[in-house]
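Hello,

Here is the structure I promised to hand over. Have a look at it first, and then read on for what turned up.

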Amino acid sequence: MSDFAAVPAASLNLGRLFPLYAAQALATGAVNVSTILAALVVGNLGFESLVGLPSTLISLSAALSAGLFGALMLSRGRRLGLALAFTVGAVGAGVGFAGARAGLLPVFLLGAALMGAAQGGYQQARYAVAESVPESRRGTALGALMLMSVLGSFLMTGFSHPIERAAASLGTTAEIFGWLLGGALLAVAAGLMGLWRPLRAPGPAARLPLRQAFALPGVRGTALALAAAQGLMVTLMSLTPHRAHEMGMDHAGIAGLISGHILGMFGFGWLTGPLIDRMGVRPGYVSGALLLSAAALSAPLPGHTWLAVSMFLLGLGWNLVNVSGSKEMARFPAAQGVTDGLGYVAAGAGTLLGGVVIARSGFPALAYVCAALSLLPLLSAWRAGHRRGQSH
């Protein structure tokens, strides 16, 4: 019996995608209470010079696993690949919790690496969503997926005080307890994959060799936009909370800062998705690049308020580029995993080099470099317009 359910070509089928949406909410909540604050865990363990290392390991592990999970999903199905990814994440979160609580940095970093490997797989759920709806509605479907992400984030923020109390009862900090909670959320997400039936199998383009896939018109420009936005977003998202901590912001304040960032990333999917469906990906690339640049330029300004503005703009700029790029990349299944891997490589390099730049030249220098690099999606926008002109 086939795992695939029949679907009318014109149907959006958002309700039947509910297990994917719920799993995305749980996964975002898990990231919100664990990996985003990994730099604080390392700092509290007494390794201030290595605060960027967990994010680097997460990104590099995701880069290595993304292509493997992409190939697995194309050969064995999205459901198996996503269930395995969530399971790996649950195991990694448990290992990270045990290492952090025992004060064993290598064990904690192993957990972070496993969490990264999981992200390389389950972040490709957006392609499973896009494949399940008509091309003209993919932005809307991706926007709905983003709304579930912000729901998961806000649920964790709303439970910040109970999380602190639970952590205290275990004799640990909220940042460390977040890894245990994240593992539980990812385990539930893995179970949800048993309730989901993929609505559409990948088409013949999924079987193209990688070299041929990247030679197709539009693939390289789309990969550039997705990788640039991912690298810049993760770099600033990972290192800004450490800067806020040094400026005297407490755990609740940093949690609010991250919530504002998550709101920018996912909270406006209901608007950006349909707009991109209607207007095309080119305006998404342009507006996203300009917002990413504004986020980087506002991050070094004095005061906590500017940090909050920066993190929100960073999330919204990423949203626009990511929805645009994901909508485009859904047409090229053979390139999806490797493209995600490139984004994680950019993120890992950004966090690692970003820590070095901060140590030697200060946070403002890093922000200005990010502001310049954030304009790369403008090249993708130009290439998208050039392709459109050639097609007429």
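Which helices each supply at least two residues of the lining of the second largest pocket? They are α11 and α16, where helices are DSSP runs of H or I of at least four residues, numbered from the N terminus.

Before the details, please note that this is a predicted model, in which local features need pLDDT of at least 70, side-chain atom pairs count only at pLDDT 80 or more, and totals for chains, interfaces and linings use all residues. Residues are numbered from 1 along each chain as its sequence is written, and side-chain values use heavy atoms, leaving out hydrogens and water.

Now the pockets. A pocket is an open set of points on a 1 Å grid over the protein atoms alone where a 1.4 Å probe fits, with protein on both sides within 12 Å along at least five of seven lines; lining residues have an atom within 4 Å of a point. The second largest pocket is lined by 14 residues, and Ser49, Val51, Gly52, Gly355 and Val356 are the closest to its centre. Helix α16 gives the most to this lining, with 6 residues.

The largest pocket has 17 lining residues, with Leu232, Thr235, Ala346, Gly350 and Leu373 the closest to its centre. Two or more residues of that lining come from each of α11 (219–246), α16 and α17 (363–373).

Helix α16 (residues 333–361) also holds Val345. This residue counts as partly exposed because its relative accessibility is 41%, between the limits for buried (under 20%) and exposed (over 50%), with a 1.4 Å probe and protein chains only. Leaving aside residues up to four places away in sequence, Val345 touches Ser59 and Ala63; contact means heavy atoms within 4.5 Å. Val345 and Gly231 are 114 residues apart in sequence, yet their C-alpha atoms are 7.5 Å apart.

Met148, in helix α7 (residues 138–158), counts as buried because its relative accessibility is 19%. Among residues over four places away in sequence, Met148 touches Tyr21, Ala22 and Ala25. The C-alpha atoms of Met148 and Leu26 are separated by 8.6 Å, with their positions 122 residues apart along the chain.

Finally, helix α4 (residues 78–102) has 25 residues, so at 1.5 Å a residue it should span 36 Å, and its end C-alpha atoms are indeed 36 Å apart; the expected span is 1.5 Å times one less than the number of residues. Gly103 follows α4, with a positive phi near 75°.

Enjoy exploring!
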